Amino acid sequence: MGELRAEGFDRFVAARWSALLHLARLLTGGDRHRAEDLLQEALVKLWFAWPKVAEQAPEAYVRKVLARAAARSARRRWWGERPMDQLPDPPEVGDETAAVDERTRLEAMLALLPVRQRAAVVLRYYQDLPEQQVAEVLGCPVGTARSLTARGVARLRRLLAEAVKPVE
């Protein structure tokens with residue numbers, strides 16, 4: 001019985017690790033280290049709940065744990081980082097593709113959104129969840145989830161428009 005549990009859990013983690021890590025990264029504002037910690041925490045909780053959720057929706061369970069853990073960790077006051085006026089090593093011109101630059105820019109702007117707005121936007125548009133499921137994951141009414149998503153998208157558009165550099 002224990003071997004079947006471990007085998008099913010291992011298959012799930014192996015199949016979904018990359019997608020879940022990316023989701024965690026988006027929920028933490030692009031911080032890979034925090035995302036890994038968050039995903040590890042979520043997978044530990046999944047392990048203990050595995051007999052109950054294995055046949056139902058383990059990914060939905062992990063998504064809910066990730067979103068709630070990201071919101072909880074964002075309430076911490078200090079992560080040991082110090083803001084800098086200038087990046088230590090600016091990237092060289094033309095060393096990355098336009099798609100990677102755009103994705104990086106979008107992830108940086110996502111990091112500027114408040115935690116619940118970021119979670120709503122990521123769940124709705126990156127994970128392509130319907131509003132009802134976004135509301136369930138966030139633990140709020142559908143109208144609140146819809147409002148968080150709309151405000152998040154509007155703010156993201158403003159941030160992206162402000163960040164556009166003029167062509168020289």
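1. Aromatic pairs first: this predicted model holds three of them. Take Phe9 and Trp47: the ring centres are 5.1 Å apart and the planes sit at 75 degrees, so this one is edge-to-face. Phe9 belongs to helix H1 (residues 2-27) and Trp47 to helix H2 (residues 32-53), so the pair ties together parts of the chain that are 38 residues apart in sequence.

2. How do the two partners fare for burial? Phe9 is buried, with a relative accessible area of 10%. Trp47 comes out as partly exposed, at 28% relative accessible area.

3. Another aromatic pair is Phe12 with Trp50, and its geometry is tilted, with 5.8 Å centre to centre and 45 degrees between the planes. Phe12 is in H1 and Trp50 in H2, so here too parts 38 residues apart in sequence are tied together. Phe12 is buried at 12% relative accessible area, and Trp50 is buried at 7%.

4. Don't read these pairs in isolation: Phe9, Phe12, Trp47 and Trp50 form one aromatic cluster. When you look at the rings on screen, remember that a pair is described by the distance of the centres and the angle of the planes.

5. H2 deserves a look of its own. With 22 residues, a straight helix at 1.5 Å a residue would reach 32 Å, but the end C-alpha atoms of H2 are only 27 Å apart. Where does H2 bend? At Trp47, by about 50 degrees, with a proline, Pro51, following within four residues. Trp47 is also the edge-to-face partner of Phe9, which puts the bend and the aromatic cluster at a shared residue.

6. At the N-terminal end of H2, Asp31 acts as the cap: one of its side-chain oxygens lies 3.1 Å from the backbone nitrogen of His33. Further along, the buried residues of H2 include Leu38, Leu39, Ala42, Leu43 and Leu46, as well as Trp50 from the cluster. Arg34 is on that buried list too, in case you want to check its surroundings.

7. Away from H2, there's a charge-over-ring arrangement: Arg124 lies over the face of Tyr125, 5.7 Å from the ring centre.

8. For the overall picture, the protein has seven helices and zero strands, giving the pattern α-α-α-α-α-α-α along the sequence. Of its 168 residues, 36% count as buried. Among contacts with a separation of 6 or more, 66% come from residues 24 or more positions apart. The H1–H2 aromatic pairs, with partners 38 residues apart, span a separation of that kind.

Note on methods: Residues numbered from 1 in each chain as written. Predicted model: local features only at pLDDT ≥ 70, side-chain atom pairs only at ≥ 80, totals over all residues. Heavy atoms only, no water. Phe/Tyr/Trp six-rings, centres within 6.5 Å; stacked < 30°, edge-to-face > 60°. Helix = DSSP H or I, 4+ residues; strand = E, 2+ residues; numbered from the N terminus. Buried < 20%, exposed > 50% of the residue type's maximum accessible area, 1.4 Å probe, protein only. Lys NZ or Arg CZ within 6 Å of the ring centre and 35° of its normal. Expected span 1.5 Å × (residues − 1). Bend = angle between axes of the 7 residues up to and from the residue. Polar contact = N/O pair within 3.5 Å; in protein donor to acceptor, adjacent residues only side chain to side chain. Contact = heavy atoms within 4.5 Å.
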